[in-house]
Amino acid sequence: MDNYSESSNKKLEDLETLYKIYPELKKINDNNNEIINTQAIFKTVYCDEYVASTEGTCQGVLFVIKGTIKIQRINKNGGETNLYNLEQGQFCHEALSCLSSLDSLNITGKAIQDSKVCIIPFDTVRKYFIRDNEFLLYMYKDLYGKFNSVIENKEEMIHESLESRLLNFLINKNSKIIYATHSQLAFEVDSVREVVSRKLKSIEKRGYIKLERGKIIILKDLKEIIKI
């Protein structure tokens, strides 16, 4: 089998998977001369790779086929605020700001595991998706779910200290050695690197961890701190 045939067969498999996860897209495709079949772009996004930038260079609307994409906002001072995760069956709403010629919300996405995504170009979305009532209903339901997730996460953070969030994150890794920079930990617990560094040093002074460059060694049961 030549490379062209292999590529064609792979795209057909990707399209079949896409339509199983997003039946709304299959209806749009079937009703519009298989427009998605010809326009869909499939891409593998590897762990820790960014899939969107804050510079308005997004290619289209992103749909997640497999994996998880963490969506965060870049603040004016360069800090990061976690918003929600994009998982299978969901799509990125930040692209709608480009579609609607609105100011960017400075949203970026980062894969937290190897992921497969499909990108539908803006021209196709503008011409075929926005006019489809079923897709609009799906879009509003998806947006409602994300808005509700942001509210719930915010409420949890109000009632849980940074130290507790940090400890729980480390505990959930189920490992004596955790490879992560302070910046990466700050991203995960929705804080800034300087504050996380101070908290880690405080825990280290109590003898529960040892800090080394790019990794954290767990010396004692961190659950003991939470019980205190």
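## A buried aspartate

Is aspartate 142 buried or exposed? In this predicted model, aspartate 142 is buried, because its relative accessible area comes to 10%, and the cut-off for buried is under 20%. The residue is part of helix α6, which runs over residues 133-159.

What does aspartate 142 touch once its neighbours within four places in sequence are left aside? The list of contacts reads Gly89, Gln90, Phe91 and His93.

## The chain as a whole

Zooming out, the chain has 228 residues, and 39% of them are buried. Its secondary structure adds up to ten helices and nine strands.

Now for contacts and surface. Take the contacts in the chain with a separation of 6 or more: 67% of them join residues 24 or more positions apart. The accessible surface is about 13,600 Å², and carbon and sulfur atoms hold 49% of that.

## A three-stranded sheet

Next up is an open sheet of three strands, ordered β7-β9-β8, with antiparallel pairing. Since β7 and β8 sit at the edges with a single partner strand each, one side of each is left without a neighbour in the sheet. From one strand to the next, the twist averages 15°.

Here is how the pairings work out. β7 (residues 177-179) pairs with β9 (residues 215-218) in the antiparallel sense, over three bridges. β8 (residues 209-212) also pairs with β9 in the antiparallel sense, this time over four bridges. Isoleucine 216 of β9 turns up in both pairings: it is the bridge partner of isoleucine 178 and the bridge partner of leucine 211. Another bridge links glutamate 212 to lysine 215 of β9.

## The hairpin turn

How do β8 and β9 connect? They form a hairpin with two residues between them, and glycine 214 in that turn has a positive phi of about 80°. There is another positive phi to look at, just after helix α8, where aspartate 190 takes a value of about 60°.

## Two crossing helices

Helix α8 covers residues 182-189 and helix α9 covers residues 193-205; their axes come within 8 Å and cross at roughly 100°. Angles of 65 to 115 degrees count as roughly perpendicular, so that label fits α8 and α9. On the α8 side, the contact is made by His182, Ser183, Leu185, Ala186 and Val189. On the α9 side, Arg193, Val196, Ser197 and Leu200 do the job. Sorted by type, the residues of this contact come out as five nonpolar, three polar and one charged.

Why might residues spaced along a helix end up facing one way? An α-helix has 3.6 residues a turn, so residues three or four places apart point the same way. As for burial in α8, the buried residues there include Leu185, Ala186, Phe187 and Val189. Among them, Leu185, Ala186 and Val189 also belong to the contact with α9.

## Where helix meets sheet

Back to the sheet, and to the bridge between glutamate 212 and lysine 215 in β9. Helix α9 packs on this sheet, touching β8 and β9, and its direction makes about 130° with that of β8. So what does α9 have on its contact list? Both helix α8 and the strands β8 and β9 are on it.

Methods:
Residues numbered from 1 in each chain as written. Predicted model: local features only at pLDDT ≥ 70, side-chain atom pairs only at ≥ 80, totals over all residues. Heavy atoms only, no water. Axes fitted to C-alpha atoms, helices over the stretch in contact; angles between N-to-C directions. Parallel < 35°, antiparallel > 145°, perpendicular 65-115°, else oblique. Contact = heavy atoms within 4.5 Å. Nonpolar A, V, L, I, M, F, W, Y, C, P; charged D, E, K, R; others polar. Pairing = 2+ DSSP bridges. Buried < 20%, exposed > 50% of the residue type's maximum accessible area, 1.4 Å probe, protein only. Areas by Shrake-Rupley, 256 points an atom, 1.4 Å probe, with all protein chains shown as cover.
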